[in-house]
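Reading a structure gets easier when each feature is taken in turn. Shall we go through one together, a question at a time?

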Amino acid sequence: MISKRKIINTIFMLAIPWYGVGTYVFVKGFSLGLIFCTVPFLLILLFHAIDLLYRGTFTPSVNGTFYLCCAALLSGILSIPLGLRYGSPILNPWNTVILMVFMGVPFLAAVVVQTYNRGEYRTGLAWLMVRGLILWLVVNLLGYAAGLRNLMHSFPGRISLPFSLGIYGAAHILAFLSLILLGYLRDFRSRPVRSIGLSLVYVLNIAIMLSINSRLSIIIFMVITLLFVVKLIKKTKGIFLISLFIMPILTNFTLLIYNILTLPFFASVLSRVSKKDVTTFNGRTYIWDAAADWIMHDRRGLLFGNGFNGQYHLRLLDTVAKLWGETGSYRLHMHSAFLEILVDQGVVGLVLMYLVYWRGFSYYRRQYVEGTPMAPLYAGFLYLLFI
């Protein structure tokens, strides 16, 4: 029987592969891609608005986490017109508005999905996400088989899933999905057919990740997998704090990481293990050093940020752009969520986002410890914190 909940869930599930296709459109036309990605989430909000009109009543049912997330998102949304004011070549008045909508709508749509699944989402929301991500994988494989390749970032000789923000973005999504699947693969006796199917998806994910050859992604994925498989994750202390400082930890142990990657096991599954590439994280440390200089000596916009594409306003990466042969530093980003938020939104935006991370970490850890149907999302959430 068709119900409002099933309609909302179906749109949300299909929105995930639709969003993936939107990233392909995004490269062909920035504004068009943003609109394309946002359409299914706008449909969810429109459906909810019409439903409320028919009901004739509206009872708010959100908690403090909702308002915290809204505050963190608002910080990012307000950074966009600030970036326009500071002259980012990426922005114009038209795409500024579209980008602001794009940043806020998916979250609000996800809240609506949870509202319609009240009383049932604990048994279905995690599985709904898994099905959506598997559909995303299927659509990507069909596109790849049809000869499409990632327009943003790809390399000859590696699998290039077309519908993601670069091949490394695809590797992160596959790792996220695989870690969630760990929570379902333990259910073999009660759901053998489903478990076999998910096992095949898991193996396929690993094969694609190895072909993409994102070294950092693979290492973090393997460490988190090991912690969950041997059930050490419940005893591991300070993992949230470690995740917040993963970048300085990595940059201070570059030689150790290089020695690990040259071990026979890793050498057999990874390529490009060059000492210079590993110790500079493919040149990313040049970007991070420039950010460190800004924090130590400049500090313009440190409190409230420098707007979207703020590094261009500061001319932070002009030297790096010349080093990498880029025509303009506005094309670069910070290669670090921590630094991107800090430069664009300032300390205020960063603190708000860290509070969101903490709420998410606390919630999903509790679900994992209690063994609820939402427990599989904990491993995936940890991966997102580290990556």
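The dialogue below takes up cysteines, a surface patch, a helix and the nonpolar cores of this predicted model.

Q: Let me start with the cysteines. How many disulfides does a search of the whole structure find?

A: The general idea is to look at the distance between sulfur atoms, since a disulfide needs a pair within 2.5 Å. Here the search finds zero disulfides.

Q: Why is there no bond at Cys69?

A: The closest cysteine sulfur to that of Cys69 belongs to Cys70 and is 7.1 Å away, which is too far for a bond. Looking from the other side, the closest cysteine sulfur to that of Cys70 is in Cys69, again at 7.1 Å and too far.

Q: And are these two cysteines buried or exposed?

A: Relative accessible area tells you, with buried meaning under 20%. Cys69 has 16%, so Cys69 is buried. Cys70, at 25%, is partly exposed.

Q: Now the surface. Which residues form a nonpolar patch there?

A: For a patch, you look for accessible nonpolar side chains that lie within 5 Å of one another. In this model the patch is formed by Trp18, Ile35, Val39, Leu43, Leu46, Ile50, Tyr54 and Trp94, with about 840 Å² of accessible area together.

Q: Which helix gives the most to the patch?

A: A useful general point is that an α-helix has 3.6 residues a turn, so residues three or four places apart point the same way. In this case helix H2, residues 30-55, gives the most, with six residues. Leu46 is a patch member that lies in H2.

Q: What about Asp51 in the same helix: buried or exposed?

A: Asp51 also has its place in H2, but its relative accessibility is 7%, so Asp51 counts as buried. Leaving aside neighbours within four places in sequence, Asp51 is in contact with Lys4 and Tyr116.

Q: Why is helix H18 described as largely enclosed?

A: Count the buried residues along the helix. In H18, residues 377-386, nine of the ten are buried, so the rest of the structure largely encloses this helix. Among them are Gly380, Phe381 and Tyr383.

Q: Which residues have the most contacts inside the largest nonpolar core?

A: A core is traced through buried nonpolar residues whose side chains touch one another. The largest one here has 65 residues, and Tyr378 and Leu382 have the most contacts inside it. Helix H6, residues 167-185, supplies the largest share of this core, 13 residues. A second, separate core of 24 residues includes Cys69, Leu314, Ala321 and Leu332.

Q: What is Tyr378 in contact with, beyond its neighbours within four places in sequence?

A: Its contacts are Phe228, Ile233, Ile239, Phe361, Tyr364, Arg365 and Tyr368.

Note on methods:
Residues numbered from 1 in each chain as written. Predicted model: local features only at pLDDT ≥ 70, side-chain atom pairs only at ≥ 80, totals over all residues. Heavy atoms only, no water. Buried < 20%, exposed > 50% of the residue type's maximum accessible area, 1.4 Å probe, protein only. Patch = residues over 30% accessible without salt bridge, like charges linked within 9 Å, V, L, I, M, F, W, Y side chains within 5 Å. Areas by Shrake-Rupley, 256 points an atom, 1.4 Å probe, with all protein chains shown as cover. Salt bridge = Lys/Arg side-chain N within 4 Å of Asp/Glu carboxyl O. Helix = DSSP H or I, 4+ residues; strand = E, 2+ residues; numbered from the N terminus. Contact = heavy atoms within 4.5 Å. Core = buried A, V, L, I, M, F, W, Y, C linked by side-chain atoms within 4.5 Å.
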